[in-house]
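Q: Could you take me through the largest pocket in this model, close up, and then show me what sits around it?

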Amino acid sequence: MHVEYSGTGDPARSLALLWRTRDRANRGGGDLGVDRIVRAAIEVADADGLAALSMRRVAERLGVGTMSLYTHVPGKGELLDVMLDTVHGETPRPTDVPGGWRGRLERLARDTWALYLRHPWLLQVATTRPPLGPQVTARYDHALRAVEGVGLTDLEMDAVIALVDSYVHGAVRGAVEAAQATRRTGLTDEQWWRAHAPYLERVMDPARFPTAARVGAAAGQEYQAAVDPTRAFEFGLARVLDGVAALVADRCADVASPVPPG
C-alpha cells in the first residue's frame, strides 16, 4: 500500500500555510489560492488515492500550469499537511451529545469513522508527526473535552483519545477495503459469499476444523459475507469504551477512598 508521511514539509512554510499567516496564501474567491489548490488536491486523492497525487495532477484539475501552484504552496509535503488539516475541519463538534462522556466518545468515534469513509486516502498517511493546524487542533481540543472532568489525569485524557482514534483507524480499514473491493470487482460482499459458500461447504471438514466450521457457518449465515466491518466496529467500540469506563471507575474510587497518610 502506498504510504505518505505528514510533517515532512518545511516547518515554517507548513505552519504559514496551515494558519494562513502569509499574505500570498490567500483564500481568494475566483483566483487561484491555497484553498482552491487544497480542495483540488483532496478531490484527486478521493478519486484515485494518494499514489495519484502530484502537483501536476492538481494543476491539471485546476486548469493551470504546474509552476503556478508553487506561488501558493511550496511543495507536496506542505500540501499534504494542509489537506489533512482541512478534512479534519469536516468533523462535527457538537456540545449537546447525550450519554455523558461515553456518549461523547461514541459520537467522536462514529464521526471519525465517517471521515475515513469519505476520504479513504487518510489510511495511506502516517501521522505520528501530525499537521499542527487550526482544524486538527480544534478537533483535538473538542475530543479532550469529551472526557474533561471525569477524574482522569491530563495524560490519561490524551491516552484515551489516542486509544479511540487508533481503534477507529484500525477498524475502518475493513470497511474501506470492502467498499473498494465492491467497486473494483463489481461484486458485493453478499454476492461474493453466495458464490463461494457452496464450494466451501464441500471442502470444509468439520471433523478437522470443528470450531472454525461451526463459528464460520454461523457468522457466514448471519453476515452473508466473510466479515461485517460495521458490526465488528460497533462491537469493538463498545469493548474499548468498557475499558475506559473501568479506568474512570477506578479513578473515582481513588478519589472517594483516599489512601490515609502513613
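A: Let's start with what the pocket is made of. The lining of the largest pocket splits by class into 12 nonpolar, seven polar and three charged residues. Bear in mind that this is a predicted model. The space in this pocket comes to about 720 Å³. There are 22 lining residues, and H88, T127, P130, R139 and D165 are the closest to the centre.

Where does the lining come from? Helices α5 (76–88), α6 (100–118), α7 and α8 each put in at least two residues. The biggest giver is α8, with six residues in the lining of the largest pocket.

Two of those helices are worth a look as a pair. Helix α7 covers residues 134–145 and helix α8 covers residues 154–185; they pack at an angle of about 110°, and their axes are 9 Å apart. That angle makes α7 roughly perpendicular to α8. On the α7 side the contact is made by R139, Y140, A143 and L144, and on the α8 side by M157, D158, I161 and D165. Sorted by class, this α7 contact with α8 has five nonpolar residues, three charged ones and no polar ones. Two names should ring a bell: R139 of α7 and D165 of α8 are part of this contact, and R139 and D165 are also among the residues closest to the centre of the largest pocket.

R139 turns up once more, this time at a cavity. The structure holds one cavity of 30 Å³ or more, and the space in the largest cavity is about 40 Å³. Its lining is made up of T91, P92, L108, D111, T112, R139 and H142. The elements that give two or more residues to this lining are α6 and α7, with α6 holding the largest share at three residues. By class, the cavity lining has two nonpolar, three polar and two charged residues. So far, then, R139 has come up in the α7 contact with α8, at the centre of the pocket list and in the cavity lining.

Now follow α8 to another opening. The second largest pocket has about 360 Å³ of space. Of its 18 lining residues, G49, P120, Q124, Q180 and R184 are the closest to the centre. Here α2 (34–48) and α8 each supply at least two residues, and α8 gives the most, with six. The class split for the second largest pocket is nine nonpolar, three polar and six charged. That puts α8 at the top of the list for the largest pocket and for the second largest pocket.

The other helix named there, α2, has a packing partner of its own. Helix α3 (residues 55–62) packs with α2 at an angle of about 110°, with the axes 9 Å apart. The two helices are therefore roughly perpendicular to each other. From α2 the contact takes in R36, I37, A40, A41, E43, V44 and D48, and from α3 it takes in R57, V58, R61 and L62. By class that is six nonpolar, five charged and no polar residues in the contact of α2 with α3.

While we're around α2, have a look at the loop that joins it to α1 (11–19), which is where R20 lies. R20 has a positive phi, near 55°, and R20 isn't a glycine. As background, most residues other than glycine have a negative phi. A second residue of this sort is Q224, which has a positive phi of about 55° and is not a glycine either. Q224 lies in the loop between α10 (210–223) and α11. Q224 is partly exposed, as its relative accessible area is 24%.

Past that loop comes the last stop, D254, which lies in helix α11 (residues 229–256). With a relative accessible area of 48%, D254 counts as partly exposed. The C-alpha atom of D254 is 9.3 Å from that of G151, and the two residues are 103 apart along the chain.

Note on methods
Residues are numbered from 1 along each chain as its sequence is written. This is a predicted model: local features need pLDDT of at least 70, side-chain atom pairs count only at pLDDT 80 or more; totals for chains, interfaces and linings use all residues. Side-chain values use heavy atoms; hydrogens and water are left out. Helices (H or I, at least four residues) and strands (E, at least two) are DSSP runs, numbered from the N terminus. Buried means under 20% relative accessible area, exposed over 50%, partly exposed in between (1.4 Å probe, protein chains only). Axes are lines fitted to C-alpha atoms, for helices over the stretch in contact, and angles run from 0 to 180 degrees between N-to-C directions. Angles under 35 degrees count as roughly parallel, over 145 as roughly antiparallel, 65 to 115 as roughly perpendicular and the rest as oblique. Contact means heavy atoms within 4.5 Å. Ala, Val, Leu, Ile, Met, Phe, Trp, Tyr, Cys and Pro count as nonpolar, Asp, Glu, Lys and Arg as charged, and the others, Gly among them, as polar. On a 1 Å grid over the protein atoms alone, a cavity is a set of points where a 1.4 Å probe fits but cannot get out, and a pocket is an open set with protein on both sides within 12 Å along at least five of seven lines; lining residues have an atom within 4 Å of a point. Grid points are joined across faces, edges and corners, and a volume is the space filled by probe spheres set on the points.
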